[in-house]
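Some notes on the model follow, in numbered points. Please read them with the structure open.

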2 protein chains.
Amino acid sequence: MASRRYAEVCEEVCTHPDILNRVKPEMPDEERLYDLAELFKVFGDTTRIRILYVLFESEMCVCDIAALLNMTQSAISHQLRVLKQARLVRSRREGKTVFYSLDDDHVRTVIGQGMEHIEEKHGRKQA
Amino acid sequence: MASRRYAEVCEEVCTHPDILNRVKPEMPDEERLYDLAELFKVFGDTTRIRILYVLFESEMCVCDIAALLNMTQSAISHQLRVLKQARLVRSRREGKTVFYSLDDDHVRTVIGQGMEHIEEKHGRKQA
DNA sequence: CTAACATATGAACAGATGTTCATATGTTAA
DNA sequence: TTAACATATGAACATCTGTTCATATGTTAG
């Protein structure tokens with residue numbers, strides 16, 4: 001069982017330096033990529049996706065959303081906070097009630113493209 | 001400390017039945033919404049976002065990506081599998097080497113819109 | 001003021017997720 | 001066949017994440 005030494009990454013023979021050198025400078029800052037991943041994380045939860053879909057149709061108060069999705073007010077409120085921090089929804093207060101709505105149209109585009117991707121890949125085999 | 005009873009969700013007074021009845025039938029199947037969230041989960045990780053960005057520029061082998069991102073071959077390989085299962089990347093083998101590339105253009109659109117959203121929200125205050 | 005109610009939030013717990021490590025698989029060359 | 005190497009993968013571990021529960025905050029009505 002004398003553990004043989006394996007190269008952790010490939011030998012220099014494998015890497016293609018020309019490609020590496022060409023691609024490397026095109027990469028955005030780490031910070032931007034991090035923020036981007038954080039944004040998509042927000043889309044990556046069924047509850048939040050359902051909330052966004054609900055808000056496609058109409059602005060709505062927290063308890064309406066909770067009723068529609070059959071979830072507790074607390075769970076919805078927590079998720080609305082996440083959506084708001086990501087600037088995907090806004091809120092406005094009217095008396096005791098807080099109404100939430102979509103913040104901008106990127107949300108629709110992103111979700112729309114996601115849906116297209118899914119339907120294309122599921123419906124047919126490799127369009 | 002006699003725990004008072006709080007309504008778990010809002011009273012009927014609060015919910016707006018007209019809105020609920022209008023929105024409810026517009027919601028997609030649960031299965032679609034689940035798949036959509038699963039798709040965005042794939043975008044919601046820095047490593048995978050970086051991989052996708054790398055592949056924007058050029059098809060590339062596993063060890064090139066690992067070298068570029070300064071990560072182990074194993075970590076990259078695991079993530080490529082996730083990306084492939086989501087049909088975001090394809091692979092083709094050439095001898096010992098496996099080259100990965102973007103599967104379709106939804107990836108670019110989704111990521112592009114995500115970037116726009118971030119830059120709009122960070123750069124200015126509410127365009 | 002207090003009661004009622006819509007919403008927000010902190011803490012805790014359970015389940016999901018990404019990386020590492022070791023090793024297996026697949027391919028080429030000798 | 002064996003050696004070398006590029007890639008894939010299972011298991012384990014630590015971290016992250018979503019829900020629940022209890023309770024706090026904010027608003028209106030009396």
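How do the residues of the surface near DNA strand C divide into nonpolar, polar and charged?

1. The residues of that surface near DNA strand C divide into 10 nonpolar, 11 polar and 8 charged. Please keep in mind throughout that this is a predicted model.

2. DNA strand C is surrounded by 29 residues. The closest are A:Ser74, A:Tyr100, B:Thr47, B:Arg48 and B:Gln79. Of the atoms of DNA strand C that come within 4 Å of the protein, 63% are accounted for by sugar and phosphate.

3. Both protein chains contribute elements to the surface near DNA strand C. In chain A, α4 (62-69), α5 and β3 (97-102) each supply at least two residues of it, and in chain B, α3 (46-57) and α5 each do so too. The largest share comes from α5(A), with 5 residues.

4. Three polar contacts to DNA strand C can be listed individually. A:His78 places a polar side-chain atom 2.8 Å from a base oxygen of the strand. Two others go to phosphate oxygens: a polar side-chain atom of B:Arg48 lies 2.6 Å from one, and an N or O atom in the side chain of B:Gln79 is 2.5 Å from one.

5. Turning to DNA strand D, there are 29 residues around it, of which A:Thr47, A:Arg48, A:Gln79, B:Ser74 and B:Tyr100 come nearest. Among the atoms of DNA strand D within 4 Å of the protein, 64% belong to sugar or phosphate, and the rest belong to bases. By class, the surface near DNA strand D has 10 nonpolar, 11 polar and 8 charged residues.

6. Which elements supply the surface near DNA strand D? At least two residues each come from α3 and α5 of chain A, and from α4 (62-69), α5 (73-85) and β3 (97-102) of chain B. The element that gives the most is α5(B), with 5 residues.

7. The polar contacts of DNA strand D include one to a base and two to phosphate. An N or O atom in the side chain of A:Ser74 is 2.7 Å from a base nitrogen of DNA strand D. B:Tyr100 has a side-chain N or O atom 2.6 Å from a phosphate oxygen of that strand. For B:Val98, a backbone N or O atom lies 3.4 Å from a phosphate oxygen of DNA strand D.

8. Next, the helix pair in chain A. The axes of α3 (residues 46-57) and α5 (residues 73-85) of chain A come within 10 Å and cross at roughly 75°. That makes α3(A) roughly perpendicular to α5(A). From α3(A), the residues A:Thr47, A:Arg48, A:Ile51 and A:Leu52 meet A:Ile76, A:Gln79, A:Leu80, A:Val82 and A:Leu83 of α5(A). This contact has 6 nonpolar, 2 polar and 1 charged residues. A:Thr47, A:Arg48 and A:Gln79 also appear among the residues that come nearest to DNA strand D.

9. In chain B, 3 strands form an open sheet with antiparallel pairing, in the order β1-β3-β2. β1 (60-61) and β2 (89-94) of chain B are at the edges with a single partner strand each, so one side of each is left without a neighbour in the sheet. The antiparallel strands β1(B) and β3(B) are joined by 2 bridges, and B:Met60 has B:Tyr100 in β3(B) as its bridge partner. Helix α5(B) packs on the sheet and touches β2 and β3 of chain B, its direction making about 120° with that of β2(B).

Methods
Residues are numbered from 1 along each chain as its sequence is written. Chains are lettered from A and ligands numbered from 1 in the order in which they are written. This is a predicted model: local features need pLDDT of at least 70, side-chain atom pairs count only at pLDDT 80 or more; totals for chains, interfaces and linings use all residues. Side-chain values use heavy atoms; hydrogens and water are left out. Axes are lines fitted to C-alpha atoms, for helices over the stretch in contact, and angles run from 0 to 180 degrees between N-to-C directions. Helices (H or I, at least four residues) and strands (E, at least two) are DSSP runs, numbered from the N terminus. Angles under 35 degrees count as roughly parallel, over 145 as roughly antiparallel, 65 to 115 as roughly perpendicular and the rest as oblique. Contact means heavy atoms within 4.5 Å. Ala, Val, Leu, Ile, Met, Phe, Trp, Tyr, Cys and Pro count as nonpolar, Asp, Glu, Lys and Arg as charged, and the others, Gly among them, as polar. A residue is near a molecule or strand if one of its heavy atoms lies within 4 Å of it. A polar contact is a pair of N or O atoms within 3.5 Å; within protein, one must be able to donate a hydrogen and the other to accept it, and residues adjacent in sequence count only if both atoms are side-chain atoms. Two strands pair if DSSP finds at least two bridges between them.
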